[in-house]
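This report looks at a model with its ligands, taking the surroundings of each ligand in turn and then one helix in detail.

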Amino acid sequence: MLKSSPATLHLARHNQVQQTLHWLTALVIFTVLPLAWVMVHMGKEAHGRDLYFTAHKSFGLVALALIVARLVWRAIHRPPPMPVWLEKWETGLAHATHFLLYTIFIIMPVSGFILSSAGGHPVSFFGLFDFPQLPKNKELSEIADRIHIFGQYAVYAFLAAHILGVVWHVAYRRDGVLDRMLPKQVNAE
Ligand code: HEM
Ligand code: HEM
């Protein structure tokens, strides 16, 4: 039997910086993934293929910067505690999913950078400048490539778990957890 949530809810929100960084990360991740799906299915000689790769890599590195910024911000400004009416398993699952999301979104851009750079492909930031290149190392590049390609399934699984968790709170729990990540409504009680 689930503990029920109180009728009037006054949940502490994530602060505005964490909220902004969260939604920017979501936007960037939902840009990086479709770019990847399209680019890996383009013919080697296809027009604009390089642009897709550059955009995927650049947005992927922006995602890494955002995740690192979030972790630093989070270390200084602790997130609000989980609502008290949640069962232990709900809190545990939420913490585990958040931890796995942070972890996979560090592994993906780092493995992407290594697979490209050690594979002999310079990594450009939106065509503005190139990042320092790693020495060519075919073996290392292949290991990173495997991590990157299999890592995508962890990305899908953790994102699905995260979004299902939000649906659980919105549709079943109806406890305002989504509001924790949204700006305060002006005319809200
Ligand atoms: C949030 C970060 C990232 C995510 C979620 C991500 C995701 C993906 C996905 C889903 C694929 C398609 C894999 C396949 O089915 O073959 C892919 C391919 C690729 N990604 Fe990323 N990526 C990220 C960051 C990066 C970065 C930062 C770089 C390089 C600097 C990069 C370089 C590549 C390359 C070169 C491929 C093609 C690999 C191949 O075909 O063997 N990625 N990425
Ligand atoms: C439609 C997409 C998304 C929705 C609706 C959503 C919603 C939420 C909500 C409501 C929270 C707050 C949970 C709480 O207060 O306990 C949250 C936290 C979080 N979200 Fe998302 N999210 C989405 C996409 C993403 C993406 C793409 C990432 C990728 C990194 C992500 C990573 C996280 C993390 C790591 C936290 C925990 C924040 C912390 O306490 O440090 N979310 N999300």
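What follows describes a predicted model, beginning with the ligand shells.

## Surroundings of ligand 1

The shell around ligand 1 holds 23 residues, of which Ala36, Lys57, Gly60, Gly112 and Gln152 come nearest. Two or more residues of this shell are given by each of helix 1 (16-39), helix 2 (49-76), helix 3 (88-117) and helix 4 (138-173), and the largest share, seven residues, comes from helix 3. By residue class, the shell around ligand 1 divides into 15 nonpolar, six polar and two charged residues.

## Surroundings of ligand 2

Around ligand 2 there are 19 residues, and the ones that come nearest are Ala26, Pro79, His98, Arg180 and Met181. Helix 1, helix 3 and helix 4 each supply at least two residues of this shell, with helix 3 contributing the largest share, five residues. The shell around ligand 2 is made up of 13 nonpolar, four polar and two charged residues.

## Geometry and packing of helix 4

Helix 4 has 36 residues, which at 1.5 Å a residue should span 52 Å, and the 50 Å between its end C-alpha atoms agrees with that expectation. Within helix 4 there is nevertheless a bend of about 25°, located at Gly151. Just after the helix ends, Arg174 adopts a positive phi of about 50°.

The buried residues of helix 4 are Ala144, His148, Phe158 and His169, and these buried residues pack against helix 3, the helix that also provides the largest share of the shell around ligand 1 and of the shell around ligand 2.

Key. Residues numbered from 1 in each chain as written. Chains lettered and ligands numbered in written order. Predicted model: local features only at pLDDT ≥ 70, side-chain atom pairs only at ≥ 80, totals over all residues. Near = placed C-beta within 6 Å. Helix = DSSP H or I, 4+ residues; strand = E, 2+ residues; numbered from the N terminus. Nonpolar A, V, L, I, M, F, W, Y, C, P; charged D, E, K, R; others polar. Expected span 1.5 Å × (residues − 1). Bend = angle between axes of the 7 residues up to and from the residue. Buried ≥ 20, exposed ≤ 12 C-beta atoms within 10 Å, placed from the backbone. Contact = placed C-beta atoms within 7 Å.
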